[in-house]
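Work through the exercises below with the sequence and the coordinates at hand. Each task is followed by a solution that proceeds step by step.

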Amino acid sequence: MADHLLEVRNLSVEFHTAMGVVKAVRNISYHLDRGETLAILGESGSGKSVSSSAIMNLIDMPPGRISSGEILLDGVDLLKMPAHKRREVNGRRIAMIFQDPLSHLNPVYTVGWQIREALTTHGAASAAAQTEALRLLTRVGIPEPEKSLDKYPHEFSGGQRQRVMIAMALALRPDLLIADEPTTALDVTVQAEVLALLEELQQETGMAVLIITHDLGVVAEVADRVVVMEKGELVEAGTVREVYKNPQHPYTRKLIAAAPGKGKMHSPGARGEPVLSVREVRKHYGSFEALKGISFDLMPGETMAVVGESGSGKSTLARILLRLDEPDSGSALWKGRDLFQLSPAELYKLRRDLQMVFQDPTQSLNPRMTVYQLISEAWVIHPDILPKAKWRERVAELLVQVGLGPEHMGRYPHQFSGGQRQRIAIARALALEPQLIICDEAVSALDVSVQAQVIALLDKLRKDMGIAFIFIAHDLPVVRDFADHVMVMQKGHVVELGTVQEVFETPRQDYTRALLAAGLDPDPDVQAANRAARLECAS
Amino acid sequence: MMSFIRKRAVASLISLVGLIVMVFFLSRLTGDPAALFLPVEASAEIKQQFREIHGLNDPLMVQFGRYVGDVVTGDFGESLRKARPALDVVLEAFVWTLWLAAITMSLVTGAAIVVGSLAAFRAGGFFDRLSSVISLIGAAVPDFWLAIVAIVVFSVNLAWLPTSGTGSLLHWILPIGVLFVRPFGIIVQVVRGSMISALSSAYVKTARAKGVKSGPIIFVHALRNAMLPVITVIGDQAASLLNGAVIVETIFGFPGVGKLMIDSILQRDFNVVLAAILVTALAIFVMNLLIDFAYAMLDPRIRH
Amino acid sequence: MTLQTTDTTIAAEPGFAVRMARMLWADKFALCAAIFLVVILVVAIVGPSWLGDLATKQNLRGRNAAPFEWERGWVWWMGADALGRPLLARIIVATQNTLMVAAGAVAISAVVGTTLGLVAGFSSPRINQIIMRLADVIMSFPSLLIAVIVLYVLGSSILNLMLVLSITRIPVYLRTTRAEVLEIRERMFVQAARVMGASSRRILFRHILPVVLPTLTTLATLDFAYVMLAESALSFLGIGIQPPEITWGLMISQGRQYLTNAWWLSFWPGLAIILTTMSLNLLSNWMRIALDPVQRWRLEMKGRKNG
């Protein structure tokens, strides 16, 4: 019986909500052996995290209920164990790391305290725990480990916090590590480092890793086997290569098809008169220099992708171009007029031409306004665009244009899904009939399949209406299929600027190459090759 | 950390100065302080004399300067009734009030945290519902009404406890008991709400994944985070206790600063009244600083 | 690849009043509280003209008449006071003053506090600092003591009582509004409105105020109870409302000297205060959820299931 380290059998979990019983996972089974890495792949709402919560006894009951199934750890059913025994399993035999380490670390205790607690909870003496905590922090590569023991979580960067989480999880050398979207919030280069660290540690300790992710690239990089989940059901299982090369279930095929970065790249024509011409824009906050002289040209109807990691200044650039923030110096000529010199009245007129779509549609739509109010607000502010009698008709048109329906007009944003909300935000931007839309990470909060739909929508708008886009992203594959030109930013500088083909196929700068190399390809073979190349580079 | 405290101290100091200014103008509110400070039946000559002695005929700014000088040196004039410095009279009474407030607040805080936390841990359970009902009623009961009901029940009918005065420990039970109820009701509700959100937070999930026991999860992981909003409410309640004790003190004949003020107003002993206001305000000011300090102690993110 | 989204099951929403009624129905405690408060409100409006004479007519033979004598008229069911006036009638008549002072004080402090809070949250750091320090000063005032003095010096009337109580409550609204404004003005939907070219006024009144308003309504409901307690405390001390006007607090004070032989004189008005305060607290708790679009589904779903 006890062949596998972990075996989940016919697990069903349901939640009693006000809307009735929701079956979060239905009858799912998978297993995991020592030293092996299994990925659970799924989009939001697929129930991919539920089984791991059941393993860790993190489901609140009620409202949750495990209606059937067994979870066997070395052949012993965890679900039949008394509570105190299960608590001993947690942390000692199975440990877990989470997506957002900032909220998952207790903000009011030092990281040293939190790592020590993992040890002392399971019986370690406090002096020994102190030494061990220091060793662990050193091992996961936190700089100045001794000092860092006394620091609080908010004093670290995102990647460092995830390393701290890993140190804490591995304190007792567990047999199984569950990693729930461990790198989702991280920059690509940091993601590669964290995944590499996880693999190293796995080889050192021989533990099994259960990784939960929405990202095919992560699966290709780290996993041996993968199970795919959709709406609470396990739809496909197999080795990573099998599943990628020969997907059986339509959903898996859809997921693989939606992965960005495989389409034909644009080849922009000759450049003429730019519609927007940015020169030497600088901005600092206190002693921090966010932008150190940015210059670029944008042609009418063209898409300029701005790619960079956090802290590169790409969002600051967007804010400054829209005059949500004032630059220290520099100019931005829009059809020959400097955006930064406009009077408030001129700026008000210009707002019609320049619009923005924000990262998180949940936050960029006023929760207390209906869709009709949200979209027609544009005409309340700029009454000369459209007479009031035609508002309803036009809102309906715009909704159809972005793939929603006129019947959605009277509803509130919270009644829509994330992708639908972003469509509303796009409709709102379109209401002003702009010539340039700046998208600040407009698809990064969305599921991969939804991401592809929204990008297709933007691409269609560009073709049909000749709108120019500045498309800000942290993820290179996303911009590959959509951009004409790519600008790579790092720490306030433009590192590289060229056509999409130049940047992707013949990158000139090391940083661009590093970014490209850190990006994970969904194809396990391609990814394996990339990885070999990367290791060669490193050695 | 120190810079945070310093910044808060400077901001509070500005408030304190504003307070002193307002107290001055309060005393000039009726236009003629002589009418306020002297007994009602004082003759016109006496009033004139009083004005000259106290320089009330000088320009307002000169008077204000003198007043500030007096306040800084702690000179609030004589108590007319007791023929002693007003400040001494007030401080004597203030010690009583401070004890009363401090003991009550400690009991309230301790009890509210335990009850609120346990209610939150089993939200929706029997204990939670019981404590909800109790705290809801507690927060709604006017203390003066409770005071007289308590006197009828415990002093008159049962004759267990004395009605007024300060002779023994028994004398403290009723005032503390009555003052306890409202802040307890309010703080329990805040603790419960704050604990429920802390217990559903991501870091508690991490602690459970680490195998930490329920006790430390509630009282080490969740409580310290949940205390942050609670601290503010505790401060508000302590402040309203410092100045709201006036009624309970009057009813129970407790010789605190509240009773002193009411007595002094009735006796037109205005020097004492002004001194009492400033001393109470100063106490609230110090307490607000302590609250800020406690906040910074609990939350490392504030210190930066 | 399709541009159509997959899930289109979005429930249609009924009007505001219907939704509120449904959500109130879902929370039976809040429903009782609301009904009680409506009754109190009606009583406050019609009380004095309806029972005014009965409540002031003295009757020496009925002094301190005991409650629960069902054979007498219903106004006597709670007994009578030291001058033989029926207590139930007096409580009904006193409702108007009690509620008026509280409502006036809450209205003044809410309007002034919210305005100052909006200004503080939306203007230069210096004005912001001045307003905040002012709030600090008021906050560190021993408010009840100040009220005692001001009323003593200025004489007590309903208007003075309202003003004094409202001044002490201004900082509550000011701080809440300011904190919310500071947070909301950085939110993405406000940025989005700015990108569209919305004026500051539009942003303030169309985007920020509607988000703050439910919080303020909830707060004002809670504060109504607080002010009512403060007013009754002042009236109890004899420096609030003066006879022959009556409030519940004053009634408790008047009954105090007969505590040992006629407990009902103080008990009933006290109970009226407690019930009203509790109802306000319950209603405020309900509002906190009902007025929050992210949370209100809890009540809506519950209502659907029960109904």
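The exercises that follow concern a predicted model.

**Exercise 1. Determine how the radius of gyration of chain A relates to that of a compact globule, and describe the overall build of the chain.**

Begin with the length: chain A has 539 residues, for which a compact globule would have a radius of gyration near 24 Å, and because the value for chain A is 25 Å, the two agree. Next, take the extent of the C-alpha trace, which spans about 75 × 50 × 45 Å along its principal axes. Then turn to burial, where a residue counts as buried if 20 or more other C-beta atoms lie within 10 Å of its own; by this criterion, buried residues make up 49% of the 539. Finally, consider the contacts between residues at least 6 apart in the sequence of chain A, of which 69% join residues at least 24 apart. The secondary structure of this chain comes to 22 helices and 20 strands.

**Exercise 2. Establish the strand order of the open sheet of 6 strands in chain A, and find which helices lie across its strands.**

The first step is the order, which reads β16-β17-β18-β13-β19-β20 in chain A, with mixed pairing. At the edges are β16 (354-357) and β20 (493-499) of chain A, each of which pairs on one side only. Neighbouring strands of this sheet are turned by 15 degrees against each other on average, direction ignored.

The second step looks at one pair: β13 (residues 303-308) and β19 (residues 485-490) of chain A run in the parallel sense and are joined over 5 bridges, and A:Val306 has A:Met487 in β19(A) as its bridge partner.

The third step adds the helices. Helix α12 (residues 314-321) of chain A lies across β13, β16, β17, β18 and β19 of chain A, at about 145 degrees to β17(A). Helix α17 (residues 418-431) of chain A lies across β16 and β17 of chain A, at about 175 degrees to β16(A).

**Exercise 3. Set the UniProt annotation of chains A and C beside the computed secondary structure.**

For chain A, the unreviewed UniProt entry places "domain: ABC transporter" at residues 8-256 and 276-516. Over residues 276-516 of chain A the model is 38% helix and 26% strand, with the end C-alpha atoms 28 Å apart.

For chain C, the unreviewed UniProt entry lists "transmembrane region" at several spans, including residues 100-123 and 208-229. Residues 100-123 of chain C are 96% helix and 0% strand, and their end C-alpha atoms lie 34 Å apart. Residues 208-229 of chain C are 100% helix and 0% strand, with 32 Å between the end C-alpha atoms.

Definitions and conventions: Residues numbered from 1 in each chain as written. Chains lettered and ligands numbered in written order. Predicted model: local features only at pLDDT ≥ 70, side-chain atom pairs only at ≥ 80, totals over all residues. Helix = DSSP H or I, 4+ residues; strand = E, 2+ residues; numbered from the N terminus. Rg over C-alpha atoms; globule rule 2.2 N^0.38 Å. Buried ≥ 20, exposed ≤ 12 C-beta atoms within 10 Å, placed from the backbone. Contact = placed C-beta atoms within 7 Å. UniProt positions renumbered as here; feature names shortened; annotations may be inferred. Pairing = 2+ DSSP bridges. Axes fitted to C-alpha atoms, helices over the stretch in contact; angles between N-to-C directions.
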